[in-house]
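Me: I have just opened this structure and would like to understand the words people use for it. Could you walk me through a few of them?

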Amino acid sequence: MYEVCGEKELKVILALDPGDSISGVARKIDENRETIRRVVNRLEEAGYVAYDDGLQLVDQTLRDVGLEFLTAAADISPPSITEAYVLPQFAGMEYAYTGIDAVYVWTRGGYQVARNPEDYPLFIAVCESDIDAWTAFFDQFGIPTSEERQPAADLDGAIQVVLKPRPQIEAEVVDGRPVILLEETVAFANEHYAHFQSALDMLGRLYDSVDTDANYRPN
């Protein structure tokens, strides 16, 4: 019973959506595929996960209890920045990284505009109807949310989540992370060209569909 109660097993149980592949789950929680394959095998042997046209969680109660444990643990050990990026996968609601974080995701981590670890906002597009649910979700982890970035001096911790409400979410998945469409991301970067000139150059080299006039070269 206790042999499948480790950190990665809990992550898999929380992140798994019906029909997911092992690779898909691994990308969601930013883990090595082979490691997650072994974790899934252990969960399957224990009867927690089954293969049926993709991975399936046998009992949804496991996920609910796992989330309760995680939120209780956050009172003792608050989420790190890296962990905060994974948390939305556990919410069971649609979302997509937007703004600065969309550029970060689409450049596959290659471009990260300067952000102070002591003042770190995450920008997430969510459905308008889910705003209250998202606020309640992050509140469980002690992470404040708002629809506009808040001054660091007004917050107790370094991390905040800026929720950008939309009637519906149009997203693609890049390296396991849902993100606003590439076209919209490029438009955002062009709108803030001074900050994202190098990112636009990177996007233009990564994706044939991106037509940009950026011609940035580092000194």
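Me: Which residues of helix 8 are buried?

Reply: Happy to help! Keep in mind that this is a predicted model. In helix 8, residues 182-191, the buried ones are Leu-182, Thr-185, Val-186 and Ala-189. To be called buried, a residue must have under 20% relative accessible area.

Me: What makes the buried residues of helix 8 line one face?

Reply: Looking down the axis of helix 8, its buried residues fall within an arc of 100°, so they line one face of the helix. Glu-183 and Glu-191 are exposed on the other side of helix 8. The cover over the buried residues includes helix 6, strand 7, strand 8 and helix 9.

Me: Why is helix 1 called roughly perpendicular to helix 3?

Reply: Helix 1 (residues 7-15) and helix 3 (residues 33-46) pack at an angle of about 80°, their axes 10 Å apart. Angles of 65 to 115 degrees count as roughly perpendicular, so helix 1 is roughly perpendicular to helix 3. Helix 1 brings Lys-8, Glu-9, Val-12 and Ile-13 to the contact, and the residues from helix 3 include Val-39 and Leu-43. By class, this contact has six nonpolar, one polar and three charged residues.

Me: How do you know that the protein chain is as compact as a globular protein of its length?

Reply: The chain has nine helices and eight strands. Its radius of gyration is 18 Å, close to the 17 Å that the globule rule gives for 219 residues, so the chain is as compact as a globular protein of that length. Of those 219 residues, 45% count as buried.

Methods
Residues are numbered from 1 along each chain as its sequence is written. This is a predicted model: local features need pLDDT of at least 70, side-chain atom pairs count only at pLDDT 80 or more; totals for chains, interfaces and linings use all residues. Side-chain values use heavy atoms; hydrogens and water are left out. Axes are lines fitted to C-alpha atoms, for helices over the stretch in contact, and angles run from 0 to 180 degrees between N-to-C directions. Helices (H or I, at least four residues) and strands (E, at least two) are DSSP runs, numbered from the N terminus. Angles under 35 degrees count as roughly parallel, over 145 as roughly antiparallel, 65 to 115 as roughly perpendicular and the rest as oblique. Contact means heavy atoms within 4.5 Å. Ala, Val, Leu, Ile, Met, Phe, Trp, Tyr, Cys and Pro count as nonpolar, Asp, Glu, Lys and Arg as charged, and the others, Gly among them, as polar. Buried means under 20% relative accessible area, exposed over 50%, partly exposed in between (1.4 Å probe, protein chains only). The arc is that of the directions from the helix axis to the C-beta atoms. The radius of gyration is taken over C-alpha atoms; the globule rule is 2.2 Å times the number of residues to the power 0.38.
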